[in-house]
Each structure stands twice: as structure tokens, then as C-alpha cells.
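Visitor: I have a model open and would like to learn how to read it feature by feature. Could you walk me through it?

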Amino acid sequence: MVRCATLNVKGLNSNAKRRLLLLELKSLKAEIVFLQETHFDGNSSFRFASHLYPTYYSAIHNRRRAGVAVLIAARCPLRVESSVLDPQGRYIILRGYLSDIPIVLCNVYAPNTSQVPFLTRVFRKVFMDDSCSPAPMVFLGGDFNAIFSGSMDRLALPGKPIHSTQLRLAREFRRLMRRYSLYDLWRIAHPTDRSFSFYSIPHGSHTRIDYFFGTVSTLRIMRGADLGPITWSDHAPVSLDLDTGVGNTRHCHWRLKDSLLKNQIPREKLRGLLQSYFELNTGSVGDERSLWEAHKAVMRGHCIALGSRLKKDSVAAARSLKLRLRTLEAKMVACPSRSTLRQIVDVRAQLQRLAAGRVDKLLLYTRQLYYAWGNKSHTLGPAAADSIGLVWPLCD
């Protein structure tokens with residue numbers, strides 16, 4: 001099973017936002033990620049690097065406008081053979097194989113105006129080679145800045161009907177998708193749901209403008225689609241599950257979490273367990289070295305159990321907040337009010353505070369790396385930076 005995700009990030013030049021993105025993608029377990037509005041500078045030589053997503057494609061504008069990127073996880077069975085990167089930072093087209101399936105992936109960030117002419121130009125590039133046999137599966141994802149259905153994909157405040165221009169755009173958008181036989185994959189999985197990926201505060205309208213589209217051959221490997229809540233970005237992530245018939249394995253190594261020693265409650269609990277161990281076992285063996293070696297395994301087990309419980313508590317708290325956020329968003333859709341909007345903003349702030357501790361830890365690792373790199377430059381480099389997810393300047 002391979003999970004794809006698309007998200008408008010509204011700028012990734014902040015180190016904290018890059019950490020929030022990595023945490024979001026880790027919770028989604030996404031292996032192929034489409035990002036829009038990265039806002040990276042085309043005149044610089046920076047790239048997004050992470051050991052979780054070592055393969056990275058980026059189309060950037062030279063004035064920090066637009067910008068799209070595709071991240072591919074280390075365990076993803078996608079093999080890219082060719083790529084097309086838009087110099088205006090509006091689309092990326094990748095051709096290759098997902099396991100043994102020929103596939104074309106396209107990440108799109110449509111402009112706010114002239115969406116259909118822009119998409120027509122992009123689709124001509126995507127479907128330019130129809131002579132391949134068998135025909136590759138085509139997946140398009142991203143922020144299309146257009147609604148597919150005026151009745152299902154948009155909800156405005158009472159007394160504010162949909163403008164005729166938007167209805168005409170929706171008709172042209174649907175006509176274009178039908179011309180290329182593209183299907184709204186999330187809508188196929190949720191035919192009657194009214195969920196939205198973007199909320200405009202100035203206009204007071206909910207819209208679903210983030211999509212995954214696919215050709216008819218993609219339907220046989222699609223296993224589900226989901227629309228997440230809007231948390232740290234102003235768009236909701238859209239995920240898509242594909243069954244490639246290949247299982248992925250992952251091997252993890254245990255390391256002591258320094259947060260167990262920094263926080264008073266876990267530290268005192270571990271201190272008590274350590275004292276109890278020596279009180280119960282001192283004198284039980286003739287060689288004290290065996291006692292000392294055994295205590296390492298015992299305390300490691302206690303650390304794993306304690307860390308696992310704290311992580312489960314944190315995950316449960318985040319899950320509860322996300323469920324509450326979904327409920328409030330549904331309430332906002334059904335009955336818009338300022339009080340509900342304030343509650344939504346408050347819950348999003350709680351989610352960001354909950355993630356702040358993990359972000360601080362990752363930033364600490366970054367500072368440690370740069371300190372070590374500045375003092376021991378012969379021991380670190382871009383490969384080491386990849387291990388913690390930096391934007392690392394490429395050097396000649």
C-alpha cells in the first residue's frame with residue numbers, strides 16, 4: 001500500500017514550518033507528497049532534505065512566488081525515469097514506474113485566474129505521449145483553485161449566492177476533466193459528503209479546491225481517500241491510498257529519548273525504578289559486573305514502556321483535538337458563527353502547541369549539527385543534514 005498526499009503549505013522558508021510539515025507527513029504516513037506554494041527562491045541553491053524523503057523534485061519561481069515540490073519516501077517503490085519542471089513553479093510532471101506499474105504523476109498549483117487555459121496546457125504535456133503500451137496510469141494532484149461542483153464543493157454564508165463567473169468556471173473545469181477522462185478520486189470514495197479543504201475568512205466561504213484526479217485505470221488500485229482537518233496550514237491535506245501489491249518493511253533502532261530525563265515526572269519515576277532495581281538485586285549475584293550489565297537491559301525496558309505511554313498520551317490528545325476540530329468545522333459549515341470560528345482557531349492553536357515540543361527537539365538537533373559542523377567540518381556534510389531534514393545549501 002502506497003499513500004499519496006497533497007497539501008498547500010503557504011510557504012516553507014520558515015524552519016519551524018518545515019518541521020511542522022515533516023511531523024504532519026509522518027502522522028499521515030505519506031510516501032508520495034505533493035506540495036504547493038513552497039515559495040523557495042529560484043536564485044538560491046537550497047533544497048529540502050530529509051532522511052524520510054531523500055528523493056525531492058522542485059519547481060520554483062525566481063521571485064519566491066508559487067513553487068511546487070514532490071517528496072518521495074525512502075521506502076516508496078516509485079522509480080522516476082523522467083521529469084518536467086515548470087520554470088514558473090506551477091507544475092511538476094514525473095514519469096516512471098510504481099512497483100511494476102507505468103505511471104505519470106503531476107503536481108499542479110493553478111493560478112487564481114485563467115485556470116482552465118493553464119490546466120489545458122499542462123494536460124497537453126501530461127498526455128503528450130499516447131503511443132505507450134500499456135498506457136500509463138495518470139495521477140494529478142494539487143491546488144486547482146477551482147471547484148468541481150457548485151452545489152457540493154462550495155458553501156457560502158446565507159445570502160451570498162455563488163457568482164455566475166464561478167459557476168461558469170466550474171462548468172469549464174468539469175468539461176476539461178471529462179475531455180481527458182479524469183475522475184475526482186476523493187469524490188468517488190465519498191460520493192455524498194460535503195467536506196472542504198479551504199476556508200476563506202474574508203469571503204466567509206468553504207471550498208474544496210485541493211484534489212486528486214486519475215484516469216479510469218487508476219480506480220482498480222485505489223483503496224481509499226481522506227480529507228484531513230486544517231491545522232497549521234490554511235489548506236487541508238488530501239490523502240490517497242494505492243494498492244500496488246508490494247508490502248513495505250521498516251527497521252527501527254531504539255535510542256534514549258532525552259525528554260525522559262529533562263521532564264521532572266518521568267525522571268523521578270526512572271530514578272525510583274533504578275533505586276528499586278539495585279535494592280532488590282544487590283547481593284543476588286557474585287559478580288557485580290553482571291548486576292551492572294543487567295540493569296541496562298532492565299532500565300531500557302522501563303524507558304521504552306514509559307516513552308511509549310507518553311507518546312500514546314500525546315497522540316491521543318492530538319487525535320481528540322483533531323476530532324473536535326472536525327466537529328467544529330462541520331458546525332461552522334452547517335451554522336456559521338463567530339463563536340464557532342473562535343473555537344476553531346483555539347483548537348488549532350492547541351494542536352500547534354502540542355507539536356511545538358517535537359519541533360523544539362528537532363530544532364535542537366539542527367543547532368547541534370551546525371555547531372558540530374562549524375567545529376568539526378570534516379565529520380559532517382549534506383549526508384548528515386539529510387538525516388534530520390534540513391534545507392541544505394548545495395555546494396560545488
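Guide: What follows is a short tour of charges, salt bridges, surface patches and a few single residues. Keep in mind that this is a predicted model.

Visitor: Let's start with salt bridges. How many are there?

Guide: The general idea is simple: side chains of opposite charge can pair when their charged atoms come close. Here the count comes to ten salt bridges.

Visitor: Which residue does Arg187 pair with?

Guide: Arg187 meets Asp153 in a salt bridge, at 3.0 Å from N to O. The two sit in distant parts of the chain, 34 residues apart: Arg187 belongs to helix 4 (residues 185–189), while Asp153 is in the loop between strand 9 and strand 10.

Visitor: Is that Arg187 buried or exposed?

Guide: Buried means under 20% relative accessible area. Arg187 comes out at 15%, so it counts as buried. Asp153 is buried as well, with a relative accessible area of 1%.

Visitor: What does Arg208 do with Asp153?

Guide: Arg208 also forms a salt bridge with Asp153, and the closest N and O atoms are 3.0 Å apart. Arg208 lies in the loop between strand 13 (205–207) and strand 14 (210–214), with Asp153 in the loop between strand 9 and strand 10, so this pair ties together parts 55 residues apart in sequence. Both Arg208 and Asp153 are buried.

Visitor: Now a pair within one helix. Where are Lys296 and Glu293?

Guide: They are both in helix 7 (residues 288–334), and because they are three residues apart, about one helical turn separates them. Their side chains meet in a salt bridge at 3.5 Å, N to O. Lys296 is partly exposed at 42% relative accessibility, and Glu293 is partly exposed at 47%.

Visitor: Which residues are joined into one network by salt bridges that share partners?

Guide: Asp153, Asp184, Arg187 and Arg208.

Visitor: On to the surface. Which residues make up the patch of positive charge?

Guide: For a patch, look for like charges that gather on the surface without a salt bridge. In this model, Arg121, Arg124, Arg168, Arg171, Arg175, Arg178 and Arg179 form the positive one. Helix 2 (115–126) and helix 3 (164–179) each give two or more residues, and helix 3 gives the most, with five. Take Arg175, in helix 3: at 48% relative accessibility, it counts as partly exposed.

Visitor: And which residues make the nonpolar surface patch?

Guide: Trp254, Leu256, Leu261 and Ile304, covering about 370 Å². Trp254 is in the loop between strand 16 and helix 5, and it is partly exposed at 42% relative accessible area.

Visitor: I also check backbone angles. Which phi does Lys10 have?

Guide: Lys10 has a positive phi of about 55°, although it is not a glycine. You'll find Lys10 in the loop between strand 1 (2–8) and helix 1 (15–28), partly exposed at 48%. Asn145, also not a glycine, has a positive phi of about 50°. Asn145 sits in the loop between strand 9 (137–143) and strand 10 (154–155), and with 17% relative accessible area it is buried.

Visitor: Last one, contacts. What does Thr244 touch?

Guide: Skip residues up to four places away in sequence, and Thr244 touches Met1, Val2, Leu98 and Ser99. Thr244 is in the loop between strand 16 (238–242) and helix 5 (259–262), buried at 12%. For Tyr183, in strand 11, contacts beyond four places include Ile188, Phe212 and Val216.

Note on methods:
Residues are numbered from 1 along each chain as its sequence is written. This is a predicted model: local features need pLDDT of at least 70, side-chain atom pairs count only at pLDDT 80 or more; totals for chains, interfaces and linings use all residues. Side-chain values use heavy atoms; hydrogens and water are left out. Patches are made of residues with over 30% relative accessible area and no salt bridge: like charges are joined within 9 Å, nonpolar side chains (Val, Leu, Ile, Met, Phe, Trp, Tyr) within 5 Å. Accessible areas come from the Shrake-Rupley method with a 1.4 Å probe; for residues, only the protein chains shown count as cover. A salt bridge is a side-chain nitrogen of Lys or Arg within 4 Å of a carboxyl oxygen of Asp or Glu. Lys and Arg count as positive and Asp and Glu as negative; His and the chain ends are not counted. The place of a charge is taken as NZ of Lys, CZ of Arg, CG of Asp or CD of Glu. Helices (H or I, at least four residues) and strands (E, at least two) are DSSP runs, numbered from the N terminus. Buried means under 20% relative accessible area, exposed over 50%, partly exposed in between (1.4 Å probe, protein chains only). Contact means heavy atoms within 4.5 Å.
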